[in-house]
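Got the viewer open? Let's take a walk through this one together, one selection at a time.

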Amino acid sequence: MSGIVITVTSGKGGVGKTTATANLSMALALAKKRVVAIDADIGLRNLDVVMGLENRIVYDLVDVVDGICRLKQAMIRDKRIEGLYLIPAAQTRDKTAVTPEDMIAVCGELRPEFDYILIDSPAGIEQGFKNAVAPADKVIIVTTPEVSAVRDADRIIGLIEAEAKGPPSLIINRLRPDMVKRGDMLAIDDVLDIRGIELIGVVPDDESIIISTNRGIPVALENNSLAGQAFKNVSQRLMGQTVPFLDLDAPKSLLERFSRFWHRG
Amino acid sequence: MNLFDKLFGSASNKSGKVAKERLQFVLVQDRIKLPPATLAQMRDEIITVISKYVDIDHDGIDISVTNVARQSRLVANIPILRSKHSV
């Protein structure tokens, strides 16, 4: 087994990187894959909280890099799902505590053991971003349908292209189909005006994300959440499956489908 | 799609459309690193120079900045009505 390293990043903060990382990790594990999620946001760790594993941290990524513990000791097993692990970030250090070479080495050690290694990148384009992207085989950029977030996504695409990582994929998060319909939100096509990027998912704005994050249970674990289903669809696309729900050629029908779900309640 | 018209033309007051125009505006700025006033000036000067030699259809002018394979490209589509100087 040689795992694929997927880095989730965005440029702008607060668009849902951590939520996306937690849910994609969970969804991939639900599909019987062996998954490890790494929080690369050193000093501002949050993936542990979103995944509901914050009470079980003993060692963290910086401890591994500093040789204080073995990699296995920093891996927290998620007891709810077979094959899902978290490597938390350090909370007391900063981005400079880890180098891109460290991240490549850590991922190199994890690859034989896992199908997927997901890295939750910090916001920004500095050291933390560089650390998160260095070992990536694939980069997922999360944006929301807002000018500021899409602009930052465009910047990130430029930086990823310069790294020769292959074309990144885009998740449009927190879309509100009702607002798009009445012309008060950027539509999927408007966001895709930014240069060459593959759309891998559209996640509707969904209260259940907030509720599940309050509880520390990623929404992908729940069956009746539309956002959870959207993340599951993304995970299936990551596994190479074609998921008709995200038909790129027919964004209108996609919107209508979301809209139908929406009004179904 | 006439980007410059979108940037400088009149906009509907729907906020989604305004957002789209503002997005395209900042992306052009970010990519070619020219401030908006300079872009508008460049467009006017291009039109002035071409107008010296040919009559052009001002309504049909389409000047946009696109990105192809990491290279910014200025594409001008200017309909000519007639030449001013017959040979």
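Start by selecting A:Ile140 and A:Ser169: A:Ile140 sits opposite A:Ser169, which belongs to strand β7 of chain A. One thing to keep in mind as you click around: this is a predicted model. Now widen the selection to both strands, β6(A) and β7(A), and you'll see a parallel pair held over 4 bridges. How many of the 7 residues of β7(A) are buried? The count is 6 of the 7, so β7(A) is largely enclosed by the rest of the structure.

**The whole sheet**

Next, show the strands of chain A as a cartoon. 8 of them make an open sheet with mixed pairing, and the order is β3-β4-β2-β5-β1-β6-β7-β8. The edges are β3 (76-77) and β8 (198-204) of chain A, and each of these pairs on one side only. If you're wondering what holds strands side by side, strands of a sheet pair through backbone hydrogen bonds, either parallel or antiparallel.

Zoom in on the β3 edge. Here β3(A) and β4(A) (residues 84-87) run antiparallel, joined by 2 bridges. Pick A:Ile76 and look across: A:Leu86 of β4(A) stands opposite.

**Into β2**

Now select β2 (35-39) of chain A. On one side of β2(A), 4 bridges link it to β4(A), in parallel. Click A:Val35 and you'll find that its bridge partner in β4(A) is A:Leu84. There are also 5 bridges between β2(A) and β5(A), and this pair runs parallel too. Here the residues to click are A:Val36 and, opposite it in β5(A), A:Ile117.

Is β2(A) enclosed or open? 5 of its 5 residues are buried, so β2(A) is largely enclosed by the rest of the structure. Turn the strand around to check both faces: A:Val35, A:Ala37 and A:Asp39 are buried on one side, and A:Val36 and A:Ile38 are buried on the other.

**The nonpolar core**

Stay with A:Ile117 and show what surrounds it. Setting aside residues up to four places away in sequence, A:Ile117 touches A:Gly3, A:Val5, A:Val36, A:Ile38, A:Cys107, A:Leu110 and A:Arg111. A:Ile117 is also part of a bigger story: the largest nonpolar core has 87 residues, and the ones that touch the most other members are A:Val35, A:Val36, A:Leu61, A:Ile117, A:Leu118, A:Ile119 and A:Ile171. Which helix gives the most to this core? That's helix α1 (residues 17-30) of chain A, with 7 residues. As background, nonpolar side chains tend to be buried together in soluble globular proteins.

**Helix α1**

So select α1(A) next. It lies across β1, β2, β4, β5, β6 and β7 of chain A, and it runs at about 165° to β5(A). 13 of the 14 residues of α1(A) are buried, so this helix is largely enclosed by the rest of the structure. Try the distance tool on the end C-alpha atoms of α1(A): they are 20 Å apart, which agrees with the 20 Å that 14 residues should span at 1.5 Å a residue. Just past α1(A), stop at A:Lys32, where phi is positive, about 70°.

**A stop at A:Ala227**

Jump to helix α11 (residues 226-238) of chain A and pick A:Ala227. Is A:Ala227 buried or exposed? It has 24 other C-beta atoms within 10 Å; 20 or more are needed to count as buried, so A:Ala227 is buried. Leaving out neighbours within four places in sequence, its contacts are A:Val203, A:Pro204, A:Asp206, A:Ser208, A:Ile209 and A:Val219. Take A:Asp206 from that list: 21 residues separate it from A:Ala227 along the chain, yet their C-alpha atoms are 6.0 Å apart.

**Over to chain B**

Now color by chain and look where the two meet: 16 residues of chain A are in contact with 14 residues of chain B. Helix α7 (residues 147-162) of chain A gives the most to chain A's side, with 6 residues. That side has 7 nonpolar, 1 polar and 8 charged residues.

Finish by selecting chain B alone. You should find 3 helices and 4 strands, following the pattern α-α-α-β-β-β-β along the sequence. Of the 87 residues of chain B, 9% count as buried.

Methods. Residues numbered from 1 in each chain as written. Chains lettered and ligands numbered in written order. Predicted model: local features only at pLDDT ≥ 70, side-chain atom pairs only at ≥ 80, totals over all residues. Contact = placed C-beta atoms within 7 Å. Nonpolar A, V, L, I, M, F, W, Y, C, P; charged D, E, K, R; others polar. Core = buried A, V, L, I, M, F, W, Y, C linked by C-beta atoms within 7 Å. Buried ≥ 20, exposed ≤ 12 C-beta atoms within 10 Å, placed from the backbone. Pairing = 2+ DSSP bridges. Axes fitted to C-alpha atoms, helices over the stretch in contact; angles between N-to-C directions. Expected span 1.5 Å × (residues − 1).
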